[in-house]
Amino acid sequence: MTTSPTRPLPAVQLRVPTDEDAHAWHAVFADPDVMEFLGGPAELSAYEEITARQRMHDARLGYCLWTLLDGEGAVIGFTGAQPWPAEKSWGPVGEIEIGWRLGRSAWGQGYAYAAALATLERVRAAGVPHVVAMIDARNARSVAVAERLGMELAEEFTTPGGNPARRYELPLRGE
């Protein structure tokens with residue numbers, strides 16, 4: 001595990017999202033700055049649907065978007081992997097996307113990187129051969145995490161919504 005020369009990575013815990021986590025995610029992600037590149041804050045019902053889908057992914061695939069907890073057990077966001085939705089008319093259909101989203105209180109402390117490393121370990125153990133990360137090109141924090149993970153920029157494009165985006169890739173086995 002890589003650490004900064006001045007501080008170790010923070011402790012993180014990942015768990016399969018519970019029904020209660022829908023409420024926690026809704027609260028943590030209610031900040032417009034957190035959702036700046038994701039269309040703005042969402043309704044509680046969106047998180048209820050997402051957490052239910054993640055439980056299904058975990059049961060079927062062995063990975064999902066896990067609830068991210070800090071060292072004291074407080075919900076600070078999510079991290080994990082899921083198949084790119086086939087119903088989307090764009091993007092890497094058939095690929096496994098990794099991602100992370102943290103509440104503002106967790107920004108700048110190494111949580112996203114630590115959580116992404118834990119995600120890579122878990123999806124590698126589940127037999128996923130490679131992952132992608134789809135990131136709004138203006139989201140410098142997420143771009144920095146992807147690059148620190150060693151992900152390679154595979155494509156720059158414009159989303160159907162008109163936003164600049166990047167697709168990063170990372171092999172997890174000798175491809």
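The legends below accompany several views of a predicted protein model.

**View 1. The fold of the whole protein, with its helices and strands.** In this predicted model, the secondary structure amounts to four helices and seven strands, and their order along the sequence is β-α-α-β-β-β-α-β-α-β-β. The radius of gyration of the protein is 15 Å, close to the 16 Å that the globule rule gives for 175 residues, so the protein is as compact as a globular protein of that length. Along the principal axes, the C-alpha trace spans about 40 × 35 × 35 Å.

**View 2. Interior and surface of the protein.** Of the 175 residues, 43% count as buried, and among the contacts with a separation of 6 or more, 61% are made by residues 24 or more positions apart. The protein exposes about 8900 Å², of which carbon and sulfur atoms supply 50%. The protein carries 16 positive and 23 negative charges, and the mean positions of these two sets are 3 Å apart.

**View 3. Helix α1 and its two sides.** Helix α1 comprises residues 19-28, and Asp21, Ala22 and Trp25 in this helix are buried. These buried residues cover an arc of only 110° around the axis, which puts them on the same side of α1. An α-helix has 3.6 residues a turn, so residues three or four places apart point the same way. On the other side of α1, Asp19, Glu20 and Ala27 are exposed.

**View 4. The cover over the buried residues of helix α1.** The elements that cover the buried residues of α1 include the strands β1 (13-15), β2 (65-69) and β3 (75-83), together with the helix α2 (44-61).

Terms used
Residues numbered from 1 in each chain as written. Predicted model: local features only at pLDDT ≥ 70, side-chain atom pairs only at ≥ 80, totals over all residues. Heavy atoms only, no water. Helix = DSSP H or I, 4+ residues; strand = E, 2+ residues; numbered from the N terminus. Rg over C-alpha atoms; globule rule 2.2 N^0.38 Å. Buried < 20%, exposed > 50% of the residue type's maximum accessible area, 1.4 Å probe, protein only. Contact = heavy atoms within 4.5 Å. Areas by Shrake-Rupley, 256 points an atom, 1.4 Å probe, with all protein chains shown as cover. Lys, Arg positive; Asp, Glu negative; His and termini not counted. Charge placed at Lys NZ, Arg CZ, Asp CG, Glu CD. Arc of directions from axis to C-beta.
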